[in-house]
Amino acid sequence: MTAGQGRSLLGPNPGDRLRPGVDLAMSSPSREGTVGTDPRVPTGWVNRLPRIDLLDAEQVEAVHRHAIALLEDVGVRISHEPALAVLRAAGLRAEDDLVRFDRGFVLERLASAPATFGVRGRDRRRDVTFGGRHVVLTCTGGAPFVLDGEGRRRPATMKDYLTFTRVVHASEQLHLSQSGVVEPEDVPLPIRHLEMDLAVIRSSDKPYVAGGVSAPTTRDVIDLAAIAFGGRAAMAAEPPMIGIVNPISPLQYDERMAGSLFEYARAGIPVVLMPFVFSGGTTPLSVPAALAQTTAEVLAGVALIQAIRPGTPCVFGASVSELDLHDGQPVYATGGHGLAMLASGQLARHYGLPFRGGGAFTASALPDADAMRESLTALWPALLSGANFLLHAAGWLEGSLAASLDKLALDLTALRELERIVEARIDMDEEAFAMDAFREAGPGGTFLGTAHTLRHLRRAVADRPTEPVSWQRLREGYEEPSLDPAVEQELRSFVEARRRAE
């Protein structure tokens, strides 16, 4: 289709997918697409639950139509000159930094974004897959404060950062490490992103979320990673990390976010595009309007990324939360949030892109019953939406202002059970029906001592741990993965050189 053609971007039948995604068979017994074979090394979940299609074909078409109208008629501010230059060269209209995206341009660029992609670990057994029915999880990120064991909130330090990083590495429920899990205020801001990424590379051999949040910091963290992972060309072929880019809603990518997007795309690093909007604040007080807006923001980002470097992996993200309109405070885990999450996952599938859903969101300032109620209420729609990536899946408190190891442990305990549900494995062989146990126990008997129970006791105990996850035990059991001393020295030298340059 050429720019400017007026037929529906969804094809002759509005109910058809714009671009078919990859869907792993529900009955597949393997973790298709992942590298890890050691069951002790987590490589992500496989979600075999049925996906919920909340919208009918006409409603999907309506969201898409209004998203395109926003892109064409209202436009998106892209406040980064190199990105603007790419878009102008592609023939788009730009008035200063306001870009109007032509529907044909969006469709053509969207077609080059892959439906699935892999991200490698330093330990290749930890490689993960984004897309299809794969689910990859990581902890909260970006909190300026931590909550200590006495319930006191205080500024985060590098010591806190290292503790979180090691606990996340030791966790079986989290598949990516997170640069920026907390913001260590005792590290100077100009060099903080490098110290955080260096700590993640040294302390974990999992794939990770990189710490770039502007063009300069993103260049830095990519160059740092290139030392450990064989150079920029090798990373473009097999990325060891992903980048997070949050549009500044409504409808803009500022200098920092557009710059970060530009550098990630230029290097071929996968980009997660995640609008975080609040109804009545950064989006109109309407779920359909929020869906159209977040879709427009993501499509603009995908089109820009593909214009910079075709084939760069992109993840469709969206989180629509609400505001208490009496005091303007964010409210999490509401019905509207859940419905928008389900619809957003459906839209991502329709566009053939992996989906980033929400996390264990809560406004609670303590890891209490309210926090867990809200977090689980937020997690369920994300899992049912078919999300392929959950950031903030553990440790989030107070609307991301604080991170808590106690909350992280509670979330990991919940995730351990949720994994069993989404994997949806129920053996149906004759041994599972246990007819010999019925005959042995008889009517009114007990199964505690039957041969069947004794045969399966050890496995049942292993499969259903009764003790909650303990972050203290994870920290104590942490073993730092090996790193070539020459590589470690080169990493440190790079960071020191950048420190001297500031």
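A salt bridge is a side-chain nitrogen of Lys or Arg within 4 Å of a carboxyl oxygen of Asp or Glu. The exercises below use this idea and others on a predicted model.

**Exercise 1. Salt bridges**

Task: Find which residues are linked in a network of salt bridges, and then decide for Arg 266 and Glu 263 whether each is buried or partly exposed.

Solution. Step one is the network, in which Glu 195, Arg 492, Glu 496 and Arg 499 are linked by salt bridges, while the structure as a whole holds 34 salt bridges. Step two turns to a pair within one helix: the closest N and O atoms of Arg 266 and Glu 263 are 2.8 Å apart, and the two form a salt bridge. Both residues belong to helix 8 (residues 255-267), where they are 3 residues apart, about one turn of the helix. Step three compares their accessible areas with the cut-off, by which buried means under 20% relative accessible area and exposed over 50%, with partly exposed in between. Arg 266 has a relative accessible area of 40% and is therefore partly exposed, whereas Glu 263, with 4%, is buried.

Step four applies the same reading to two further pairs. Asp 411 and Lys 407 meet in a salt bridge at 2.8 Å, N to O, and they lie 4 residues apart in helix 12 (residues 405-423), about one turn of the helix; both of these residues are buried. Glu 417 and Arg 416 also meet in a salt bridge, at 3.7 Å, N to O, and here Glu 417 counts as partly exposed because its relative accessibility is 30%, while Arg 416, at 16%, counts as buried.

**Exercise 2. The sheet and two of its strands**

Task: Work out in which order the strands of the open sheet of 9 strands stand, and which strands are at its edges.

Solution. Step one is to read the order, which is 1-7-20-19-16-14-12-11-10, with mixed pairing. Step two looks at the ends of that order: strand 1 and strand 10 (177-178) each have a single partner strand, so one side of each is left without a neighbour in the sheet.

Step three follows strand 7 (residues 134-137). Strand 1 (residues 45-46) is joined to strand 7 by 2 bridges, and the two run antiparallel, with Val 46 opposite His 134. Strand 7 is also joined by 2 bridges to strand 20 (residues 389-390), this time running parallel, and Val 136 stands opposite Phe 389. Both faces of strand 7 are covered, with His 134 and Val 136 buried on one side and Val 135 and Leu 137 buried on the other.

Step four does the same for strand 12 (241-245). Strand 11 (residues 208-209) pairs with strand 12 in the parallel sense over 2 bridges, and Val 209 has Ile 242 as its bridge partner. Strand 14 (residues 271-273) pairs with strand 12 in the parallel sense over 3 bridges, where Gly 243 stands opposite Val 271. In strand 12, Met 241, Gly 243 and Val 245 point one way and Ile 242 and Ile 244 the other way, and all are buried.

**Exercise 3. Nonpolar residues inside and on the surface**

Task: Identify which residues touch the most other members of the largest nonpolar core, and which residues form a nonpolar patch on the surface.

Solution. Step one begins inside: the largest nonpolar core has 113 residues, of which Ile 78, Phe 101, Tyr 253 and Leu 415 touch the most other members. Helix 9 (residues 287-308) gives this core its largest share, 11 residues. Apart from this core lies another, of 13 residues, including Val 128, Phe 130, Val 272 and Val 315. Step two takes Phe 101 as an example, whose contacts beyond four places in sequence include Leu 71, Val 76, Ala 300 and Ala 303.

Step three moves to the surface, where Ile 426, Met 428, Phe 433, Met 435, Phe 438 and Phe 447 form a nonpolar patch with about 650 Å² of accessible area together. Phe 447 sits in the loop between helix 14 (435-441) and helix 15 (451-463), and with 35% relative accessibility Phe 447 counts as partly exposed.

**Exercise 4. Unusual backbone angles**

Task: Most residues other than glycine have a negative phi, and most peptide bonds are trans. Determine which residues are joined by a cis peptide bond, and where Glu 398 lies.

Solution. Step one concerns the peptide bond: Ser 249 and Pro 250 are joined by a cis bond, with omega about 5°, and Pro 250 is in the loop between strand 12 and strand 13 (252-253). Step two concerns phi, which is near 55° in Glu 398 and near 80° in Ser 400. Glu 398 lies in the loop between strand 21 (396-397) and strand 22 (402-404), and Ser 400 lies in the loop between strand 21 and strand 22 as well.

Notes:
Residues are numbered from 1 along each chain as its sequence is written. This is a predicted model: local features need pLDDT of at least 70, side-chain atom pairs count only at pLDDT 80 or more; totals for chains, interfaces and linings use all residues. Side-chain values use heavy atoms; hydrogens and water are left out. Patches are made of residues with over 30% relative accessible area and no salt bridge: like charges are joined within 9 Å, nonpolar side chains (Val, Leu, Ile, Met, Phe, Trp, Tyr) within 5 Å. Accessible areas come from the Shrake-Rupley method with a 1.4 Å probe; for residues, only the protein chains shown count as cover. Buried means under 20% relative accessible area, exposed over 50%, partly exposed in between (1.4 Å probe, protein chains only). A nonpolar core is a set of buried Ala, Val, Leu, Ile, Met, Phe, Trp, Tyr and Cys residues joined through side-chain atoms within 4.5 Å. Contact means heavy atoms within 4.5 Å. Two strands pair if DSSP finds at least two bridges between them.
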